[in-house]
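Biologist: Show me the model. I have some questions about its backbone and its surface.

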Amino acid sequence: MNISEVNSVVFGVWFLIGAALVFFMQCGFAMVESGFTRAKNAGNIIMKNLMDFCIGTVCFILIGGGLLLGENAFFGFLGKPNFQIFTNFSNYDWSAFVFNLVFCATAATIVSGAMAERTRFLSYCIYSAVISAVIYPIEAHWVWGDGWLVNKGFIDFAGSCCIHTVGGVCALIGAKIEGPRIGKFSYDEKGKVTKVHAILGHSLPLGALGCFILWFGWYGFNGAAATSLDQLGSIFVTTTIAPAVATFVCLIFTWIKFGKPDVSMCLNASLAGLVAITAGCHAMDATGALVTGVVAGLLVPFGVWFLDNKLHIDDPVGACAVHLLNGIWGTLAVGLFATDTAPENTVNGLFYGGGFKLLGIQVIGLLAVIAWTAVTITITFVIINKTLGLRATEEEEILGLDITEHNLLTSYSDFMPSVKSIQKTLYYSDKVGLDVSGSDMPEIKTAAIVDTGDGVHTPQKTTEGSSTYVAKPVQVRTTTGSDGHKLTKISVICKPEKLQELQYAWSKIGVLGITVTQVMGYGTQKGRVSYYRGVKSDETTLRPKMKVEAVVSKVPVEDMVEAAKSALYTGSIGDGKMFIYDVEDVVKVRTGETGYDALQGEVE
């Protein structure tokens, strides 16, 4: 074997390894999307990401592969469909098929995130199939299949335009047609949006895991088509610089804008930098990659804000900001920063002495791909919407698509669920009830407690439709157990980190037993004002608390109250509340003892 043959074998193997890395990115997309959305839809999201690839494979075998890889037809508009994978398998280009298949699945997956939590599963499967069978293969043929755009000199090395812009256009149009999730926006009587609400994802660690998986897979995404070691090394450098710089810029921007760095935005920025560098990863130097990353890091918060506040389009995972805006930017960036100093590249962009020629070609190609995608996906969505229906019903959305679409009660069966949807809590005080709907309901109302230091709380109407509890003097009723001793239950809601201090304080004064429960809740001030994806999240954010309960007879209640106050007090919002109840009687199951005796421990 000569060196040329060795290189051919080595890079042929690397080509397939790269395809495997791109396939592994499906896992990353699934983790990002499920982490950025609510737990009640996690199973549905995993199922959609699985079926993207499986349905896409079937469609690509039957028609998509031929449209992309087949012989030119209609002046390079599409490839001729064929079944050579069945009729001439021994001579088929298996590597090219697998490589293009995994890219095809990626384009379909992007749409899932923007339309998450309210799309019917059957409808999703259908439009995912259309993307894989027709929309993606035809425009990808223009660029990668000897079509009309590549013959004009259009450059999209790994898919900023062919994959990410296409997926982003589909995501934007789909999210617009489908409408926002219940509770995302508040409206006035004329239907005008008056406020944007943050709907928090259920697991940022999952989202972060997905981000790292995607970044890892992106080295195959961008680097698999490299033809020399120098070019591969250069691609790895630009694929590292752009997302790192984008994340750093987003960190600084959100820190200045919101007072604290936004976690989910920074995760999105990493992906945005990767999307933006994808088209020109082989043609840029370090400076070009750095500038590309800077712009990508700013496009993410701008895109999220613009969709929320101007277009009023609900995109739960930021797919449009990441893939559409940065797919467009990355495609144009090639025309600005391409340099012939990059290995295997022979063209220069505007800022490297190449003039406007390459930039003009990039603009033409970009507009053609966007137009093709917008028209075909709009037709697809409209037909589905008019026949099967694109969106789940209101009841299905509130309950969650796991249970309604897949008969899956929960994706986290061993975890205690935090049920906010549909379930309503009725608060009573002096026979006055307040109905409080969870944050999934269309109109969000809050119930909170204002502690004035002296006792029982009753609802009182305040501004903006919320209700506030105002304290009334405690009226103490004395009850006794069957043996004549007074029995009292004290229930404390406190910060989790204060549990051990409270336990120690009560133990010192003779409290023999407590019951501890992990709970979620919020008060009038919600602890602090927080932001999620640039939106103020200060309405019904449930915060982790500990509920500590004890029933006593021998230990004076006043001593327990003072001990708890001393242990829990910090002076800051959220120190907690104490509730004191009379208990009619206590029965110890093992011995049958009642009242005072049932509460006493045994000395051995």
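The turns below take up backbone angles, then a surface patch, in this predicted model.

Biologist: Which phi value does E117 have, near what angle?

Modeller: Most residues other than glycine have a negative phi. E117 is not glycine, yet its phi is positive. The angle is near 75°.

Biologist: Where is E117 placed, and is E117 buried or exposed?

Modeller: E117 sits in the loop between α4 (94–114) and α5 (121–144). Its relative accessibility is 1%. Buried means under 20%, so E117 counts as buried.

Biologist: Where is N407 found?

Modeller: N407 also has a positive phi in a residue other than glycine, near 55°. N407 belongs to the loop between α14 (401–406) and β5 (425–429).

Biologist: Does N407 count as buried or exposed?

Modeller: The relative accessibility of N407 is 67%. The cut-off for exposed is over 50%. N407 therefore counts as exposed.

Biologist: Which helix gives the most to the nonpolar surface patch?

Modeller: The patch is made by V58, L62, I63, F83, F86 and V134. Its area is about 530 Å². Three of its residues come from the top contributor, helix α2 (residues 42–69).

Biologist: Take I63. Is I63 buried, exposed or partly exposed?

Modeller: I63 lies in helix α2 and helps make the nonpolar patch. Its relative accessible area is 33%. Buried is under 20% and exposed is over 50%. The value for I63 falls in between, so I63 is partly exposed.

How values were computed: Residues numbered from 1 in each chain as written. Predicted model: local features only at pLDDT ≥ 70, side-chain atom pairs only at ≥ 80, totals over all residues. Heavy atoms only, no water. Helix = DSSP H or I, 4+ residues; strand = E, 2+ residues; numbered from the N terminus. Buried < 20%, exposed > 50% of the residue type's maximum accessible area, 1.4 Å probe, protein only. Patch = residues over 30% accessible without salt bridge, like charges linked within 9 Å, V, L, I, M, F, W, Y side chains within 5 Å. Areas by Shrake-Rupley, 256 points an atom, 1.4 Å probe, with all protein chains shown as cover. Salt bridge = Lys/Arg side-chain N within 4 Å of Asp/Glu carboxyl O.
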